[in-house]
Amino acid sequence: MRWLNWRLASRLSVLTMALLVVLVVAVLNLRAGQGGSANGQPAGQPTAGSPGLQGTLLDGRPAPGFQLTDQFGRSVSLADFKGKPVVITFLYTHCPTVCPVTAEKLHTVMQQLGSDAQRVAVLAVSVDPVGDTQAAALAFSNTHKMTSYWHFLIGSRSALSPIWRAYSIDAEAATANSSSGSVSHTAVLYVLDKQGRERVLLSDDFIPSQLTSDLQTLLKE
């Protein structure tokens with residue numbers, strides 16, 4: 001029985017890794033199909049000055065802008081963070097698996113950055129316009145000790161859907177009553193440089209030290 005359980009666990013682990021690879025490749029392919037790159041290079045290719053960055057290197061195109069409301073009820077725009085490296089991720093507050101782990105990893109990254117944590121921005125964009133209320137976003141932020149480190153951005157479906165599409169995030173499966181059920185969504189993180197250009201794509205199995213290193217590199221540019 002122990003041998004059987006080990007075999008099943010091994011197979012599930014392989015399937016999980018394969019799915020993550022498929023998701024990253026799918027996002028890269030979608031990004032490549034959304035228009036030319038900012039620097040004339042094919043999507044997914046390293047940009048000049050990117051040695052040392054960890055993860056899947058992006059082409060340096062300007063990240064799509066957006067404006068939403070955070071966990072404090074304040075209006076937040078991507079343009080507000082020009083001059084800072086930015087991490088953009090996509091979460092929902094009652095997620096039972098990936099999202100809490102991602103939040104905990106981001107908290108670890110902020111701790112690893114020390115005083116430099118205030119020189120970067122983290123934006124968590126909701127993938128559940130029904131369940132992610134302001135109160136839920138604030139409670140989730142408090143639980144994972146990210147309240148002072150990130151902006152958990154919420155909004156209506158009409159406000160969020162264009163952002164999901166712009167970043168090749170599949171969150172359309174979110175149901176009208178998703179506050180009581182799970183939401184299937186693409187789990188990736190975008191890392192932008194100080195000029196708001198897409199530089200790195202990370203899957204949700206990233207190691208905190210990888211992201212910390214990327215942000216430290218971008219802070220020096």
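In this predicted model, helix α4 is followed by S168, a residue with positive phi, near 55 degrees. S168 is not a glycine, and its phi of near 55 degrees is noted for that reason as a positive value in another residue type. Most residues other than glycine have a negative phi. The position of S168 is the loop between α4 and β7. S168 has a relative accessibility of 7%, under the 20% limit, and therefore counts as buried.

Helix α4 itself covers residues 157-166, and its buried residues are L160, S161, I163 and W164. These buried residues pack against three strands: β2 (67-69), β4 and β5.

K145 offers a second case of positive phi outside glycine, again near 55 degrees. This residue sits in the loop between α3 and β6. Its relative accessible area is 57%, above the 50% limit, so K145 is exposed. Thus the two loop residues have their burial states assigned as follows: S168 is buried, whereas K145 is exposed.

A positive phi also follows helix α2. The residue there is G114, with phi near 65 degrees. Helix α2 has 16 residues, which at 1.5 Å a residue should span 22 Å. The C-alpha atoms at its ends lie 23 Å apart, so the expected and modelled spans agree. The expected value rests on 1.5 Å times one less than the number of residues.

The buried residues of α2 are C99, P100, T102, A103, K105, L106, H107, V109, M110 and L113. K105 is one of these buried residues, and lysine is classed as charged. The packing partners of the buried α2 residues include strands and helices. The strands are β4, β5 (121-126), β6 (150-153) and β7. The helices are α3 (134-143) and α5 (208-220).

The largest nonpolar core holds 57 residues. Within it, F66, I88, F90, W150, Y167 and L211 touch the most other members. Helix α2 supplies the largest share of this core, 6 residues. In soluble globular proteins, nonpolar side chains tend to be buried together. Across the protein chain, buried residues make up 47% of the 221 residues.

V200 lies in strand β8 (residues 198-203). Its relative accessibility is 0%, so V200 counts as buried. Leaving aside residues up to four places away in sequence, V200 touches L53, Q54, G55, T56, L57, L58, L189, Y190, V191 and D214. The run from L53 to L58 is thus among its contacts. V200 and L211 are separated by 11 residues in sequence, and their C-alpha atoms by 9.4 Å in space. L211 is also one of the core residues with the most contacts to other members.

Internal space was searched over the whole structure. The search finds 2 cavities of 30 Å³ or more. The largest cavity holds about 40 Å³ of space. Its lining consists of T89, F90, L91, V98, T102, H185, A187, V188, L189 and D204. By class, this lining has 6 nonpolar, 3 polar and 1 charged residues. Three elements each supply at least two lining residues: β4 (86-91), α2 (98-113) and β7 (188-192). Strand β4 gives the most, with 3 residues.

Several lining residues recur elsewhere in the model. F90 lines the largest cavity and ranks among the core residues that touch the most other members. T102 lines the cavity and is a buried residue of α2. L189 lines the cavity and is in contact with V200.

The second largest pocket contains about 170 Å³ of space. It is lined by 16 residues, of which V120, S148, Y149, W150 and H151 are the closest to its centre. Strands β5 and β6 are the elements that give two or more residues to this lining. The lining divides into 8 nonpolar, 5 polar and 3 charged residues. W150 thus belongs to the pocket lining and to the set of core residues with the most contacts to other members.

The overall fold can be stated briefly. The protein chain has 5 helices and 8 strands. From the N terminus, the order of elements is α-β-β-β-β-α-β-α-β-α-β-β-α. Among contacts with a separation of 6 or more, 73% join residues 24 or more positions apart.

Conventions. Residues numbered from 1 in each chain as written. Predicted model: local features only at pLDDT ≥ 70, side-chain atom pairs only at ≥ 80, totals over all residues. Heavy atoms only, no water. 1 Å grid on protein atoms, 1.4 Å probe; cavity = no way out; pocket = protein on both sides within 12 Å on 5 of 7 lines; lining within 4 Å. Points joined across faces, edges and corners; volume = space filled by probe spheres on them. Helix = DSSP H or I, 4+ residues; strand = E, 2+ residues; numbered from the N terminus. Core = buried A, V, L, I, M, F, W, Y, C linked by side-chain atoms within 4.5 Å. Buried < 20%, exposed > 50% of the residue type's maximum accessible area, 1.4 Å probe, protein only. Contact = heavy atoms within 4.5 Å.
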